[in-house]
Amino acid sequence: MSMGTTPFITVRARRPLTEIEFCAWVAQAVPGDRLEYHRGFLVLDIFPMFARLPDQQRAELARLGSRAFWAAEQGLVHLVQERTGPDQFAYIAVARPKPKAAAVSLSALLLAEREAA
């Protein structure tokens, strides 16, 4: 019996993800799952003067980027960038093990944050 390595497979959405879809993925992901949540140059793509996106899509992308950063701060994901070309990056979230003694659920944290805003 040989022990092989498990290849890392990154899921890439066919269309831009929303913040809610990202949260759903975080809630259901198992450790090691990888999700490409954006491809481009995020900081420029959400900046109004450089963005190629309409205002509504740029705002949704900004929410998605902020939520990904929040999930990393909560210890739910690692955030990774892979260069795909000049000024082009794949932004990837890698699921971390869920805390066993979580005081509250992810959805409860999200609801509390929305009410505070």
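Let's start with one rung of the ladder between two strands: His-78 has Val-94, in β4, as its bridge partner. Keep in mind that this is a predicted model. From that rung we can work outwards to the sheet, then to what packs against it.

**The sheet**

β3 and β4 pair in the antiparallel sense, over 8 bridges. Another of the partnerships with β4 joins Gly-85 to Gln-88. The two strands make a hairpin with 2 residues between them, and in that turn Asp-87 has a positive phi of about 55 degrees.

On to the next neighbour. β2 and β4 also run antiparallel, and 6 bridges join them. Here Arg-39 has Ala-90 of β4 as its partner. As background, strands of a sheet pair through backbone hydrogen bonds, either parallel or antiparallel.

Here are the three bridge partnerships mentioned so far:

| Residue | Bridge partner in β4 |
|---|---|
| His-78 | Val-94 |
| Gly-85 | Gln-88 |
| Arg-39 | Ala-90 |

Where does this leave the whole sheet? It is an open sheet of 4 strands in the order β1-β2-β4-β3, with mixed pairing. β1 (10–12) and β3 (77–85) are the edge strands, each pairing on one side only. On average, neighbouring strands are turned by 30 degrees against each other, direction ignored. As for helix α3, it lies across β2 and β3 and runs at about 130 degrees to β3.

**Tyr-91 and its strand**

How covered is β4? Mostly: 7 of its 8 residues are buried. Tyr-91 sits in this strand, and its relative accessibility is 6%, so it counts as buried. Across the chain, the C-alpha atoms of Tyr-91 and Val-80 are separated by 6.0 Å, though the two residues are 11 apart in sequence.

What does Tyr-91 touch, if residues up to four places away in sequence are not counted? The list runs through Leu-35, Glu-36, Tyr-37, His-38, Gly-40, Phe-41 and Leu-42, and adds Val-80 and Gln-81. With Leu-42 there is a polar link as well: a polar atom of the Tyr-91 side chain lies 2.9 Å from the backbone nitrogen of Leu-42.

**The core and its rings**

Now for the inside. The largest nonpolar core has 21 residues, and the ones touching the most other members are Phe-22, Trp-25, Tyr-37 and Val-77. At least two residues of this core come from each of α1 (19–28), β2 (34–40), α3 (55–73) and β4 (88–95). Which of the elements gives the most to this core? That would be α3, with 5 residues.

Trp-25 reaches residues well along the sequence: leaving aside neighbours within four places, its contacts are Asp-33, Arg-34, Leu-35, Val-77, Ala-93, Val-94 and Ala-95. Val-94 in that list is the residue we began with, as the bridge partner of His-78.

Rings also meet one another, with 5 aromatic pairs in the structure. Take Phe-22 and Tyr-37: their ring centres are 5.6 Å apart and their planes stand at 65 degrees, so this pair is edge-to-face. The pair links distant parts of the chain, since Phe-22 belongs to helix α1 and Tyr-37 to strand β2, 15 residues apart. Are these two residues buried or exposed? Phe-22 is buried, because its relative accessibility is 1%, and Tyr-37 is buried too, with a relative accessible area of 8%.

Both rings belong to one aromatic cluster, formed by Phe-22, Trp-25, Tyr-37, Phe-41, Phe-89 and Tyr-91.

Note on methods: Residues are numbered from 1 along each chain as its sequence is written. This is a predicted model: local features need pLDDT of at least 70, side-chain atom pairs count only at pLDDT 80 or more; totals for chains, interfaces and linings use all residues. Side-chain values use heavy atoms; hydrogens and water are left out. A nonpolar core is a set of buried Ala, Val, Leu, Ile, Met, Phe, Trp, Tyr and Cys residues joined through side-chain atoms within 4.5 Å. Buried means under 20% relative accessible area, exposed over 50%, partly exposed in between (1.4 Å probe, protein chains only). Contact means heavy atoms within 4.5 Å. Two strands pair if DSSP finds at least two bridges between them. Axes are lines fitted to C-alpha atoms, for helices over the stretch in contact, and angles run from 0 to 180 degrees between N-to-C directions. A polar contact is a pair of N or O atoms within 3.5 Å; within protein, one must be able to donate a hydrogen and the other to accept it, and residues adjacent in sequence count only if both atoms are side-chain atoms. Rings of Phe, Tyr and Trp (its six-membered ring) pair if their centres lie within 6.5 Å; planes under 30 degrees apart count as stacked, over 60 as edge-to-face and the rest as tilted.
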